[in-house]
Amino acid sequence: MISFTDLYHVLTAVVPLYVAMILAYGSVKWWKIFSPDQCSGINRFVALFAVPLLSFHFISTNNPYAMNYRFIAADTLQKVIVLVALAVWSRTSSRGSLEWSITLFSLSTLPNTLVMGIPLLKGMYGDASGSLMVQIVVLQCIIWYTLMLFLFEYRGARLLIGEQFPDTAGSIISFRVDSDIISLDGKEPLQTEAEVGEDGKLHVTVRKSTSSRSEIYSRRSHGPNSGVSLTPRPSNLTNAEIYSLQSSRNPTPRGSSFNHTDFYSMVNGKNMSNASPRQSNYGNVGFDEEAGGVGMRGANGVYPPGNSGYPAPPTAGIFSPVTGPNAKKKPNGADGGKDLHMFVWSSSASPVSEGGIHVFRGGEYGNDIGGVAHQKDYDEFGRDEFSFDNRPNSNGVDREGPVLSKLGSSSTTELHPKTAHGEPKATAMPPASVMTRLILIMVWRKLIRNPNTYSSLIGLTWSLVSYKWHVVMPAIVARSIAILSDAGLGMAMFSLGLFMALQPKMIACGNSVASFAMAVRFLSGPAVMAAASIAVGLRGVLLHIAIVQAALPQGIVPFVFAKEYNVHPDILSTGVIFGMLIALPITLVYYILLGL
């Protein structure tokens with residue numbers, strides 16, 4: 001039976017965390033102490049130093065040779081059950097999707113174990129439960145968060161391939177990704193170069209778009225009858241200026257510029273000089289037969305500054321002719337462009353499209369450089385979230401390929417486009433080995449830039465060494481780590497309070513979706529955990545600990561991933577914020593019921 005003293009111990013462990021969170025919330029929302037920039041600095045300190053050192057402290061002081069393997073097996077089995085169920089659902093159900101599978105997996109299996117779980121469970125079940133929580137933290141950091149990254153990068157790779165190679169993806173046999181690309185999250189414009197080998201297969205190179213590395217030009221639109229003015233925008237590139245479009249409209253994802261006729265003509269060995277110039281998503285891009293170059297042509301033949309005519313400058317990238325070791329020369333000396341094509345892919349949050357109406361679109365949208373955009377083409381999109389879908393737009397034009405449509409989800413595209421009959425259109429993907437290698441490269445690049453990866457691995461390594469040979473950490477090193485790790489828990493909660501205060505709404509995804517998310521978090525997760533624990537033989541206090549830790553609020557790291565990859569960040573945000581507010585009474589209810 002749970003006594004009042006037991007409840008007081010639990011409140012003693014948890015209430016101070018909420019005090020830190022409320023103080024942070026009030027300092028921004030009520031007292032206006034911190035500005036958004038200052039909040040960003042605090043959050044960065046927490047992400048880079050406080051939480052990694054806190055994680056290192058817990059992991060390095062936990063004895064890995066005394067781990068409860070049955071408890072770990074129950075936690076692992078819960079996640080495997082959920083993964084298998086979601087995989088089957090996404091494959092067999094018309095409502096299933098990779099995005100929802102990732103989100104539901106996060107909601108049901110990845111609680112806030114490090115910040116909330118350790119102090120809460122210690123207050124409920126003693127110090128031994130804290131050791132169990134650390135074991136789960138180790139698995140989360142090393143295995144499950146890495147799996148989440150794998151799924152997100154897999155989604156990003158599918159979007160990129162589906163955008164640029166909707167009909168020819170099955171011919172891709174290799175990917176090479178430039179070293180300056182660390183993610184396929186779609187936040188920065190990426191450029192793909194597809195080289196056709198002698199075997200007729202595609203060898204794809206992914207690199208940052210030239211528009212993000214050199215000068216780009218566009219017009220500032222203040223109305224349908226306004227003039228054109230080119231203005232520099234500060235860039236993070238050294239000695240570079242970016243000329244950008246300024247508009248009040250939302251940015252929109254760009255369409256693909258892949259030309260299937262060109263691809264098949266390359267495979268069949270046709271002379272590209274006979275092919276008509278393909279439409280570019282950079283407005284009017286012309287190919288000059290005499291100069292052998294590609295340039296961006298403005299209205300009335302006027303060229304933007306720095307690109308005043310043919311040939312295009314060598315650094316223009318996508319505006320330049322394609323060259324390669326097997327490229328054939330045309331009779332007039334121009335490169336044939338047989339081997340290489342360049343395409344650009346980015347999400348609606350890309351720096352190129354930042355600020356509104358997308359100028360890099362084909363002429364059918366009335367968006368040529370120097371032209372006037374058709375207002376009705378953008379009115380239908382409003383300020384809602386976007387995704388790609390094949391459907392006619394409101395003005396009755398049935399556009400070929402992916403077009404924008406309003407959806408409640410914040411996901412940017414559908415992985416399985418629908419045909420005219422509503423059936424999923426099968427999209428051939430590259431071989432599994434090719435996709436796996438691409439995704440592993442991207443996941444590795446993300447992990448080596450994540451301080452939590454190092455803190456977990458170094459902490460686990462040190463614990464293995466110290467508990468095996470009874471090595472004691474030097475006092476000067478231990479104290480240096482303790483100074484920041486001791487502040488890590490409070491700073492993490494403080495940072496969470498700042499995050500809550502900066503959000504426009506506590507429930508960002510709507511009441512019905514929030515209710516569904518909370519049900520998954522606090523009901524489905526513990527239910528599956530109870531079944532998995534009973535299946536592996538957990539009984540008594542261990543069973544209670546397993547269930548209560550599964551009912552903890554939503555983890556922060558999954559929200560960070562969702563925000564970065566733009567996969568239902570509003571749902572995960574609500575799971576973190578609203579979940580923190582109702583977590584204490586819900587976990588107390590579980591604690592009391594299990595103690596009866």
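# A walk through the helices

H544 is partly exposed, with a relative accessible area of 21%. Buried would need a value under 20%. This residue is a good place to enter the model, which is a predicted one. H544 sits in helix 13. Leaving aside neighbours within four places in sequence, H544 is in contact with Y125 and L594. Y591 is another residue to look for: H544 and Y591 are 47 residues apart in sequence, yet their C-alpha atoms are 7.7 Å apart in space.

Now take helix 13 as a whole. Helix 13 covers residues 541-550. Seven of its 10 residues are buried, so helix 13 is largely enclosed by the rest of the structure. The buried residues are L543, I545, A546, I547, V548, Q549 and A550. What covers them? The cover includes helix 3 (69-92), helix 5 (113-125), helix 6, helix 12 and helix 15.

Step back to the whole chain. The protein chain has 15 helices and 10 strands. Of its 596 residues, 50% count as buried. Contacts often reach far along the sequence. Among contacts between residues at least 6 apart in sequence, 74% join residues at least 24 apart.

Next come some helix pairs. Two packed helices are described by the angle between their axes and the distance between the axes. Start with helix 14 (residues 556-565) and helix 15 (residues 569-594). Their axes come within 8 Å and cross at roughly 160 degrees. Angles over 145 degrees count as roughly antiparallel. Helix 14 and helix 15 are therefore roughly antiparallel to each other. Their crossing is left-handed. On the helix 14 side, the contact is made by I556, P558, F559, A562 and K563. On the helix 15 side, P569, L572, S573 and V576 meet them. By class, this contact has seven nonpolar residues, one polar and one charged.

Helix 15 also meets helix 11. Here the axes come within 11 Å and cross at roughly 115 degrees. That makes helix 11 roughly perpendicular to helix 15. Helix 11 passes helix 15 in a left-handed crossing. M493, L496, F499 and M500 in helix 11 meet S573, V576, I577, M580 and L581 in helix 15. The contact of helix 11 with helix 15 has eight nonpolar residues, one polar and no charged ones. S573 and V576 of helix 15 appear in the contact with helix 14 and in the contact with helix 11.

Move to helix 4 (residues 98-109) and helix 12 (residues 511-536). They pack at an angle of about 50 degrees, with their axes 7 Å apart. How are they oriented to each other? Helix 4 and helix 12 are oblique, because an angle of about 50 degrees falls outside the ranges for roughly parallel, roughly antiparallel and roughly perpendicular. The crossing is right-handed. Helix 4 brings W100, L104, S106, L107, S108 and T109 to the contact. Helix 12 brings F516, A517, V520, R521 and G525. By class, the contact of helix 4 with helix 12 has six nonpolar, four polar and one charged residues. Helix 12 is also among the elements that cover the buried residues of helix 13.

Last, follow the aromatic rings. The count comes to 10 aromatic pairs. One of them is F34 with F494. Their ring centres are 6.0 Å apart and their planes stand at 90 degrees, so the pair is edge-to-face. The pair links distant parts of the chain, 460 residues apart. F34 lies in the loop between helix 1 (4-29) and helix 2 (36-60), while F494 lies in helix 11 (residues 475-502). Are these two residues buried or exposed? F34 is partly exposed, with a relative accessible area of 25%. F494 is buried, at 18%.

A second pair is F152 with F561. The ring centres are 6.2 Å apart and the planes are at 65 degrees, so this pair is edge-to-face too. F152 lies in helix 6 (residues 127-164) and F561 in helix 14, so the pair ties together parts that are 409 residues apart in sequence. F152 is buried, with a relative accessible area of 2%. F561 counts as buried as well, at 8% relative accessibility. These two rings have company: Y145, F152, F561 and Y565 form one aromatic cluster.

How values were computed: Residues are numbered from 1 along each chain as its sequence is written. This is a predicted model: local features need pLDDT of at least 70, side-chain atom pairs count only at pLDDT 80 or more; totals for chains, interfaces and linings use all residues. Side-chain values use heavy atoms; hydrogens and water are left out. Axes are lines fitted to C-alpha atoms, for helices over the stretch in contact, and angles run from 0 to 180 degrees between N-to-C directions. Helices (H or I, at least four residues) and strands (E, at least two) are DSSP runs, numbered from the N terminus. Angles under 35 degrees count as roughly parallel, over 145 as roughly antiparallel, 65 to 115 as roughly perpendicular and the rest as oblique. A crossing is left-handed if the near helix is turned anticlockwise from the far one by less than a right angle, and right-handed if clockwise. Contact means heavy atoms within 4.5 Å. Ala, Val, Leu, Ile, Met, Phe, Trp, Tyr, Cys and Pro count as nonpolar, Asp, Glu, Lys and Arg as charged, and the others, Gly among them, as polar. Rings of Phe, Tyr and Trp (its six-membered ring) pair if their centres lie within 6.5 Å; planes under 30 degrees apart count as stacked, over 60 as edge-to-face and the rest as tilted. Buried means under 20% relative accessible area, exposed over 50%, partly exposed in between (1.4 Å probe, protein chains only).
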